[in-house]
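I sat down with a coffee to look through this structure and jot down what I found. Here are my notes, for anyone at the bench who wants to follow along.

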Amino acid sequence: MRIPTISFITRIDKEDTEPRYVINEKADFYEIIVELPGVKKEDIELYSSENSIYLSAKRIVGFQKEYKLRINLESKIEDVKAKYENGLLEIIARKKGFTKIKID
Amino acid sequence: MVKDRIGPVQIAIVSLLSKKPMSTSELFESLRRFGLRSRSSFYSALSDLERDGYIERFDDSYKITEKGAQLIDEIPHLIKNSMMPMFYFISNILSLYKDLEVIPEDPNTLLSYKKYLEEELKKVEEKLKKWKKIEIE
């Protein structure tokens with residue numbers, strides 16, 4: 001009997017779903033700006049773990065597109081905040097162990 | 001953007017060359033030990049990798065390029081996103097045979113299957129605990 005063979009052919013398609021983004025690393029926090037043109041705020045899901053950010057988003061109006069992004073950061077993070085305005089998602093992730101000191 | 005076609009033979013060649021440069025015959029012999037039988041698949045994978053800049057000729061051997069080294073980092077992603085769906089597909093096909101009772105449905109097997117699923121569910125819940133949903137302003 002001839003044994004059937006299955007060939008897996010795949011494509012590197014990471015760039016198809018990965019949105020454009022920049023990371024600005026400061027002494028005590030990371031600022032991450034992600035471009036999500038045409039995406040509504042309610043269609044964005046954002047998660048954080050000890051040292052990663054995970055984002056998934058869908059553009060459902062016009063040309064439909066799905067975005068996925070996982071960013072692994074060098075430092076551990078806590079207190080992650082995010083704001084979405086005009087197609088730009090701004091994520092501020094404070095580095096663990098850093099607290100802002102108020103100067104009188 | 002032209003996308004490169006990456007299959008298991010290509011992944012195996014790049015992985016082998018990431019250890020040390022190897023000649024064509026050494027490469028084929030190594031892959032043959034892993035179960036590859038088709039010489040044409042091997043030569044076709046080798047020429048694709050050279051054409052796409054993942055490997056390059058080095059004296060009488062091949063060696064990995066910078067782009068090839070980056071592909072090594074991509075391998076877990078490739079397996080997870082492309083090959084795992086194929087395994088799910090195969091297991092779904094196998095599940096069709098459940099109706100034909102090829103897979104036993106006795107209580108012992110079902111109980112051990114339930115235990116397996118509960119253990120898998122625990123692993124998923126542990127992984128989910130590490131993630132926190134962030135509200136977007």
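These entries cover a sheet, its hairpin and a helix in chain B.

Entry one: I reminded myself that this is a predicted model.

Entry two: I looked up the strand order in the sheet. I found an open sheet of three strands in chain B, ordered β2-β4-β3, with antiparallel pairing. At the edges I noted β2 (22–23) and β3 (55–58) of chain B, each of which pairs on one side only.

Entry three: I then followed β3(B) to its neighbour. Four bridges join β3(B) to β4 (residues 61–64) of chain B, and the two run antiparallel. I checked two of the partners: B:R57 stands opposite B:Y62, and B:F58 has B:S61 as its bridge partner.

Entry four: How many residues lie between β3(B) and β4(B) in their hairpin? I found two, and in the turn B:D59 has a positive phi of about 55°.

Entry five: I turned to helix α1 (residues 8–19) of chain B. I saw that α1(B) lies across β2, β3 and β4 of chain B and runs at about 90° to β4(B).

Entry six: I checked the length of α1(B). Its twelve residues, at 1.5 Å a residue, should span 16 Å, and the end C-alpha atoms are 17 Å apart, so the two agree.

Entry seven: Which residues of α1(B) are buried? I listed B:V9, B:Q10, B:I11, B:I13, B:V14 and B:L17. I added a reminder that residues three or four places apart in an α-helix point the same way, because there are 3.6 residues a turn.

Key:
Residues numbered from 1 in each chain as written. Chains lettered and ligands numbered in written order. Predicted model: local features only at pLDDT ≥ 70, side-chain atom pairs only at ≥ 80, totals over all residues. Pairing = 2+ DSSP bridges. Contact = placed C-beta atoms within 7 Å. Axes fitted to C-alpha atoms, helices over the stretch in contact; angles between N-to-C directions. Expected span 1.5 Å × (residues − 1). Buried ≥ 20, exposed ≤ 12 C-beta atoms within 10 Å, placed from the backbone.
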